[in-house]
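I opened the notebook to record what I looked up, entry by entry. I begin with charges over rings, then go on to ring pairs, backbone angles and a cavity.

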Amino acid sequence: GYLKICAMVLGVGDEAPNIPAGISDADDMEANLLQPAGMQLRSATFSLKVYRAEDLPRMDVGFLQGLKKVFGGGDDQKELVDPYFKFSYAGRKAKTRVEYGSDNPEWKQNLKDSAGKNDSIGTYFLNVSNISSNNEEGFPPTFGPCYINFYGSPREFTSVDEYEDLNEGNGEGCAYRGRALVELATNIDDDKDASVADLEEEDCDRVKLYMRTRKYALHAAFHEATMIKDTDCPIEFEVSIGNNGNKLDDQVPTSSSTTPPTNAIFDGNYYHYLPWNKSKPCITVLSDWEDISKRTDNLNMLLNITDRLEKSLNEIRLQIKRQLPEEEIMTEIKSTIGTLKIDLSKSFQPMNGKSTSTILDRKMHEIRLAEVAYLKSAVQELELSNTLTVTQAVEEIENYTQRLKDIAYEPQISLPDVVIWMLYGEKRVAYYRIPAYEILYSSNFDPDATGRYCGKVQTLNLKYPGKKADKKWNIPCQLRVQLWLGLAKENSKWTEMLSGMGDLSIFAETYENQHNIAVWTTKGLSRPKFSDDKGELALDKENFIEPQGWIFENDWFLSPEISNQYENDTGRKFYLEDMFENEYRTIPGAKWQPAKEVWTNEAKQKVPSKEEVVLPKGWIWESDWKIDCDRAVDEDGWEYTLQGGYVPVEKNYHLERRRRWVRRRRLKDASAAKKKKPKSSSTEGWQYASSFSSKFHPKSSLTDFVRRRRWIRKLKAAKPSSPPVFIFTDEKHKTEYTFAPRMSLNMK
C-alpha cells in the first residue's frame, strides 16, 4: 500500500493552512511517489476481465414498476437497475459500460487500471497480499476466473437508505447484493495505454467452464431464541444463501426459509424468548452454485488442524499457569506434537490438472505443500530433541500455529455467506453472517474436509446492521441453531443427524382471516379469506395438491400459535394486577353513573371486579387495591374522554371517564405456579388483533377489528425426490405461484 504525507515548512509567525483530509479521487499516487535514490519501479498493468454479474437488487423506487404496468409496459418489465462495474487501485480507475435495465448484466469487457451521483450496489475489496506472493518463487497478483460476492444494505429498496455506507464497504455488509464473475492478471513491463476493451470470444467461451453449477441444500434447526427485547409484533427468523431464501423478494423461488411468526414471552429477568419448547422450527433452502469442493476441502482441513493445535496450546498454557509438574506438562506437549505430526501427514486435494483450477489455485497449492513439508521436518526435529524445555516447546508450537494460520485462507470462495435475519413483521431488525465453508459438508474421506461448524449446535449473538453494531454489548437476540450446507443429493446426512434428536414433521399451513364490520365477515376483506401469514397469497384449503412424492397424513386441524397459551405473568416474580373502573353520563354536565361494564381492562374487555379477582396458586398479595394516581389523571384518579384519547381535566362535554385500580402480588412458590395449566385459546381457535400487522391475542376486545386462525395438515413422504412445494394457480391473472410447507423437529 501507500502512505500519503502532507509536509509543510512554516516560518516564524506563519499560520498553518488547512490540510485536506482523505484522498481525492483525482490523486495519482504512483505519479507522486517519494522513493530512495537509485530505486526503480517496474511498470505493471492490472488487467481485470469482467464477464457478468447476477442477482443484483433493484435500485429504483418500486412504484415506477407499477406505473409502467398502468400505462402499458407489456410483459417486458424493466428490472429497475442500470449497473456498471468499476475497478480501482492506487487512485486509478476504470469502468465498464452501463447495462441498462438488467439485474443479470453481461459486460464481457477487459479493464486496465488507468473511470450525476450514482448509487453503489456493493463493494468488494480484493487483498493484493492474498492473491500474490513476494518470496523468491513469488508471483504477481492473479485471480479467477471466479465469482466475487457483494454485501451491503438489505436488498429491499427504499428512497432513503440508512445503511447506504455498507454498500461502499464501510462496515460489515448485512445482506447479499449480487455477485460478478471476474478474472485478474498482472502484466509486468506493460506500457500500453490504459483502456477498456471488449473481450475476445475465446475468453468468453473458456470461462463457461467456471459457471457450471450443482444443486445445494441449506438446512437449519432452531433450538432456542433468547435475550430478545420486548416487541409488539410476532418474530420470525429467515435463513438465506445468496438471494435464495429471501422471503421479501418476489423474484426468487419459494422455499421454507422462515420460522413461524411467534410472540416473545418474558423470561423472568430482563429479556424475552420464543416458546418453541420441544417443537423446534426447521428450514430448507435449495440453491445452485459452482462446485468448489477442492478449495473448501483443503481450506477446512487447514482450519481444523489449526483449531486442534491452538486448543492444545491453550491447554499447555493453562497447565503452566496452574504450575503443574514439568513432567505432566511435557506429557501434554509430546501428545500435542504427536497429534500435529499425524495431521501434517494428511493428503490435500490436488490442484494440478483440474479443468476448473486457476493459476492462483495452483500457486497457493504449491505454497501450502512447501509450508506443510517444512512443518513436518520441524516437528520431527522437535520430537527427537532431548534437551527440549517447556518454554522452548511452547515457543515452537506458537510458531507452528502462526505458520498454519498464514496459509489457512482461500480468496476464491464463490459460495455466498449464509445470512440469518430476525424479522419483526416485514422489518429486518438484526442479522448474523456465517461463511458458507464453515458449515459445508464434504464427502471427502477425511472428516476434517467438512466445515468446523457443520451440523453442530452454535450459539450466535445477532447484531444490528450498520453503526448500531458498534455497541459491543447491545445484543438484540441470542440464537442456538444447527446449520448444514451440502449437495442436495447428500440430504440424507442431515436427516440422519436429526433422527437421533427427534422426529421431523412437515405440514401445510394456511390462515383463515376475518374482519369486524358490526359482525365478523370476509366481505370487503383486504386479504384473501385463506392466506399465508402475511396475507399476500391466496391459500384455500381445497387448492392444496399433494406435491410429487408426498401424501397428506390426515385432515386439516386447528393449531393456535403456542405463545398465546401463556399467561401474562409467565416468568415474572412480581406482577401488577390492574383494572379500570368506568362511569358515563348521557347529557353533558349531568351526574356520573356506573357504566354498563363497570370493570374492564385497557382494551375495554370485561373483567371480574376487584373483589372477584382470584389469587393464583404460588402467589401472595403485597398490597391492597389502590387507585393509580401516578398517571395523567385528576386528584381522584379519573381521566376523561368524549371519544378517543383521555385527558386529566374534566369538561362539560365529556361523556365517559375511568380510573385505574392496581394491586401488586409476588411469586412465593414457583413450583406451584408452574403446575397451572396453560391458557387455552377460544374453542374455535380464533386469535384477535387491532390490525393484521399487530400482535395477536386469544381473547376478543372492543379494540379488535381483525381475527385469524391457523389450520395445518401433516405431510408424509411416499417416494420424495425433492423437498415438497405446493403449486397454486391464480385464475384471475392466469399465473402460477408456489408455497413451501413448514417443518419442525419434535425433540425426544
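I looked first at Arg665, which lies over the face of Trp619, 4.5 Å from the ring centre; I count a charge as over a ring if NZ of Lys or CZ of Arg is within 6 Å of the ring centre and within 35 degrees of the ring normal. Arg658 lies over the face of Tyr646 in turn, at 4.1 Å from the ring centre.

I noted that this is a predicted model, where local features need pLDDT of at least 70 and side-chain atom pairs count only at pLDDT 80 or more, while totals for chains, interfaces and linings use all residues. Residues are numbered from 1 along each chain as its sequence is written, and side-chain values use heavy atoms, with hydrogens and water left out.

I then searched the whole structure for aromatic pairs and found 18; rings of Phe, Tyr and Trp (its six-membered ring) pair if their centres lie within 6.5 Å, and planes under 30 degrees apart count as stacked, over 60 as edge-to-face and the rest as tilted. The rings of Phe85 and Trp107 have centres 6.1 Å apart and planes at 65°, so I entered the pair as edge-to-face. Phe85 lies in the loop between α1 (63-70) and β2 (86-89) and Trp107 in strand β4 (residues 106-112), so this pair ties together parts that are 22 residues apart in sequence; helices (H or I, at least four residues) and strands (E, at least two) are DSSP runs, numbered from the N terminus. Both Phe85 and Trp107 are buried, where buried means under 20% relative accessible area, exposed over 50% and partly exposed in between (1.4 Å probe, protein chains only).

I also recorded a cluster in which ring pairs link Phe544, Phe552, Trp556, Phe726, Phe728, Tyr737 and Phe739.

Which way does the backbone turn at the residues I checked next? Most residues other than glycine have a negative phi, and most peptide bonds are trans. Met227, not a glycine, has a positive phi of about 55°, and I found Met227 in the loop between β8 and β9. Gln323 has a positive phi near 60° and is exposed, with a relative accessible area of 71%. The peptide bond from Gly144 to Pro145 is cis, with omega near 10°, and Pro145 lies in strand β5 (residues 143-152).Last, I looked up the largest cavity, which holds about 100 Å³ of space; a cavity is a set of points on a 1 Å grid over the protein atoms alone where a 1.4 Å probe fits but cannot get out.

Terms used:
On a 1 Å grid over the protein atoms alone, a cavity is a set of points where a 1.4 Å probe fits but cannot get out, and a pocket is an open set with protein on both sides within 12 Å along at least five of seven lines; lining residues have an atom within 4 Å of a point. Grid points are joined across faces, edges and corners, and a volume is the space filled by probe spheres set on the points.
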